[in-house]
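Thanks for making the time. I have one model to take you through, and I will start with the cysteines. Please have the structure open in front of you.

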Amino acid sequence: MLAEITAAVQSLRTLGELAKAANSLSNQQEIVMAVSDVNFRLMEAMTVALASQERHSALLTRISDLEKEINDLKIKQSAAEKYSLHKFPTGTFAYRLKDEYEEIQPGHYLCIKCNDTGIHSKLQPFGSRRLKCTTCQTVIQTEADPPSPPKKYVSTARPRW
């Protein structure tokens, strides 16, 4: 009978170990599933973080471009403030360097057409009463031409005497 009790205890021990192993196997599957779920969520978070980082980089580039554009506009504005619109006696217009800046550089005129497109083009003398833009070839009459002397008509007919 002792042998039978020892065998029963051995069987119970083995059954307990098998139960623990089965329980461990069940926990192992739960652990694997949990780890798999954590890995999936981690990859989702990394994808969102990468997209956020790309958006951040794009925004930094956009900010840099806008700051450069603002700086360029400030420079153009500063240059534009040095000039005023001037109307010549003929009714034509050009931008003229303001008097207070003539100490820094000689007085001159800018082409309106070129200046409005962002090109700083100085008008050059073109004859005695005109200015010409060397960029767009516009000619501006600054003074009216003097009246032409009256034409003398010479008769080609023979005088009759």
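Take Cys136 and Cys111. The sulfur of Cys136 has its closest cysteine sulfur in Cys111, at 3.7 Å, and that is too far for a bond. A disulfide needs the two sulfur atoms within 2.5 Å, so 3.7 Å does not qualify. I should say now that this is a predicted model, and the distances are to be read with that in mind. As for its surroundings, Cys136 is partly exposed, at 24% relative accessibility.

How many disulfides does a search of the whole structure find? The search comes back with 0. Cys114 is likewise in no disulfide, and the nearest cysteine sulfur to it belongs to Cys133, 3.6 Å away. Is Cys114 buried or exposed? Cys114 is buried, and its relative accessible area is 4%.

Staying in that part of the chain, please look at Gln137. Its phi is positive, about 70 degrees, although the residue is not a glycine. As a reminder, most residues other than glycine have a negative phi. Where does Gln137 sit? You will find Gln137 in the loop between strand 5, residues 130-133, and strand 6, residues 139-141. Gln137 has a relative accessible area of 45%, so it counts as partly exposed.

Let me step back to the overall layout. The protein has 2 helices and 6 strands. Going along the sequence, the order is α-β-β-β-α-β-β-β. Of its 161 residues, 9% count as buried. If you take the contacts between residues at least 6 apart in sequence, 17% of them join residues at least 24 apart. The exposed surface comes to about 13700 Å², and carbon and sulfur atoms supply 59% of that.

Next, the hairpin. Strand 1, residues 83-87, runs antiparallel to strand 2, and 5 bridges join them. Between the two strands there are 5 residues, and in that turn Gly91 has a positive phi of about 95 degrees. Within the pair, Ser84 stands opposite Arg96 of strand 2.

That brings in His108. Its place is the loop between strand 2, residues 93-97, and strand 3, residues 109-110. Is His108 buried or exposed? With a relative accessible area of 10%, His108 is buried. What does the side chain of His108 make a polar contact with? The partner is the side chain of Tyr83, at 2.6 Å. Leaving aside residues up to four places away in sequence, His108 touches Tyr83, Tyr95, Arg96, Leu97 and Lys122. Tyr83 therefore appears both as the polar partner and in the contact list of His108, which also includes Arg96.

Arg96 leads to the salt bridges. In total the count is 3. One of them joins Arg96 to Asp99, with the closest N and O atoms 3.1 Å apart. Another joins Arg96 to Glu102, where the closest N and O atoms are 3.4 Å apart. Arg96, Asp99 and Glu102 thus belong to one network, because the salt bridges share partners. How exposed are these residues? Arg96 is partly exposed, at a relative accessible area of 25%. Glu102 is partly exposed too, with 33%. Asp99, at 51% relative accessibility, counts as exposed. The cut-off for exposed is over 50%.

There is also a salt bridge in helix 1. The side chains of Asp72 and Lys68 meet there, at 3.2 Å from N to O. Why are Asp72 and Lys68 separated by about one helical turn? The two are 4 residues apart in helix 1, which spans residues 2-80, and so the separation is about one turn. Side chains of opposite charge can pair when their charged atoms come close. Asp72 counts as partly exposed, at 32% relative accessibility, and Lys68 as exposed, with a relative accessible area of 53%.

To finish, two points to keep. The search of the whole structure gives 0 disulfides, with the sulfurs of Cys136 and Cys111 at 3.7 Å. And Arg96 both stands opposite Ser84 and joins Asp99 and Glu102 in one salt-bridge network. That is what I have, and I am happy to go back to any of these residues on the screen.

Technical notes. Residues are numbered from 1 along each chain as its sequence is written. This is a predicted model: local features need pLDDT of at least 70, side-chain atom pairs count only at pLDDT 80 or more; totals for chains, interfaces and linings use all residues. Side-chain values use heavy atoms; hydrogens and water are left out. Buried means under 20% relative accessible area, exposed over 50%, partly exposed in between (1.4 Å probe, protein chains only). A polar contact is a pair of N or O atoms within 3.5 Å; within protein, one must be able to donate a hydrogen and the other to accept it, and residues adjacent in sequence count only if both atoms are side-chain atoms. Contact means heavy atoms within 4.5 Å. Two strands pair if DSSP finds at least two bridges between them. A salt bridge is a side-chain nitrogen of Lys or Arg within 4 Å of a carboxyl oxygen of Asp or Glu. Accessible areas come from the Shrake-Rupley method with a 1.4 Å probe; for residues, only the protein chains shown count as cover.
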